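Grab a coffee and load the coordinates in your viewer. Here are some exercises to work through, each with a solution spelled out in steps.

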Amino acid sequence: KEYFNVPNEGTMVNRLFDLRDFLWAKTGTLANVSGLTGYITTQDGNEYAFAILIQNTNEPVKDVKKLEDEIITTIYKKY
């Protein structure tokens, strides 16, 4: 986890503040591709590795990143 950022650091600036103590992640962005990978500890104490890759979308980048954040928040709350 030492090579990953936590929310509000590095590439995770302005993202997922409420998960700061539970999320370690790295982002990646290319033309029409956005990725988020890392580890999360859920509110039930389970730890998961995850990788999200979204490509070939015509949606604005901010909307794609919002979807990534919603996926991670759902994992945190439900698992």
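Before starting, one convention: a residue is called buried under 20% relative accessible area, exposed over 50%, and partly exposed in between. Also keep in mind that this is a predicted model.

**Exercise 1. Work out the order of the strands in the sheet, and find which strands sit at the edges.**

Step 1. Start with the pairing: three strands make an open sheet, ordered E1-E2-E3, and they pair in antiparallel fashion.

Step 2. Look for strands that pair on one side only: these are E1 (23-30) and E3 (47-55), so they are the edge strands by that criterion.

Step 3. Check the twist, which averages 10 degrees from one strand to the next.

Step 4. Zoom in on E1 and E2 (residues 33-41): eight bridges join this antiparallel pair. For one of the residues involved, Thr29, the bridge partner in E2 is Ser34.

**Exercise 2. Place helix H1 relative to the strands.**

Step 1. Take residues 61-78 as H1; this helix lies across E1, E2 and E3.

Step 2. Compare directions: H1 runs at about 20 degrees to E2.

**Exercise 3. Classify Lys62 and Asp63 by exposure, then say what joins their side chains.**

Step 1. Asp63 has a relative accessible area of 31%, so Asp63 is partly exposed.

Step 2. Lys62 comes in at 62% relative accessibility, so Lys62 counts as exposed.

Step 3. Their side chains meet in a salt bridge, with N to O at 3.7 Å. The cut-off for a salt bridge is within 4 Å, so this pair makes the list.

**Exercise 4. Find the salt-bridge partners of Arg15 and say which parts of the chain they link.**

Step 1. One partner is Glu68, with a salt bridge of 2.9 Å, N to O. Glu68 lies in helix H1 and Arg15 in the segment before E1, so this pair ties together parts 53 residues apart in sequence.

Step 2. Another partner is Asp69, whose closest N and O atoms to Arg15 are 2.7 Å apart. Asp69 is in helix H1 too, and this link spans 54 residues.

Step 3. Now add burial. Arg15 counts as buried because its relative accessibility is 6%. Glu68 is buried at 0%, and Asp69 counts as buried at 15%.

Step 4. Put it together: salt bridges with shared partners join Arg15, Glu68 and Asp69 into one network. The count of salt bridges comes to four.

**Exercise 5. Explain why Lys65 has no salt bridge, and list what Lys65 touches.**

Step 1. Locate Lys65 in helix H1. Lys65 is buried, and the nearest side chain of opposite charge is Glu68, 4.5 Å away.

Step 2. A salt bridge needs the nitrogen and oxygen within 4 Å, so Lys65 ends up without one.

Step 3. Instead, look for a polar contact: the Lys65 side chain makes one with the side chain of Ser34, at 3.4 Å.

Step 4. Leaving out residues up to four places away in sequence, Lys65 touches Arg15, Thr29 and Ser34.

**Exercise 6. Describe the surroundings of Ile54.**

Step 1. Ile54 belongs to strand E3 and counts as buried, at 16% relative accessibility.

Step 2. Beyond four places in sequence, the contacts of Ile54 are Asn32, Val33, Ser34, Val64, Leu67 and Glu68.

Step 3. Take Ser34 from that list: Ile54 and Ser34 are 20 residues apart in sequence, yet their C-alpha atoms are 5.3 Å apart.

Key: Residues numbered from 1 in each chain as written. Predicted model: local features only at pLDDT ≥ 70, side-chain atom pairs only at ≥ 80, totals over all residues. Heavy atoms only, no water. Pairing = 2+ DSSP bridges. Helix = DSSP H or I, 4+ residues; strand = E, 2+ residues; numbered from the N terminus. Axes fitted to C-alpha atoms, helices over the stretch in contact; angles between N-to-C directions. Contact = heavy atoms within 4.5 Å. Buried < 20%, exposed > 50% of the residue type's maximum accessible area, 1.4 Å probe, protein only. Lys, Arg positive; Asp, Glu negative; His and termini not counted. Polar contact = N/O pair within 3.5 Å; in protein donor to acceptor, adjacent residues only side chain to side chain.
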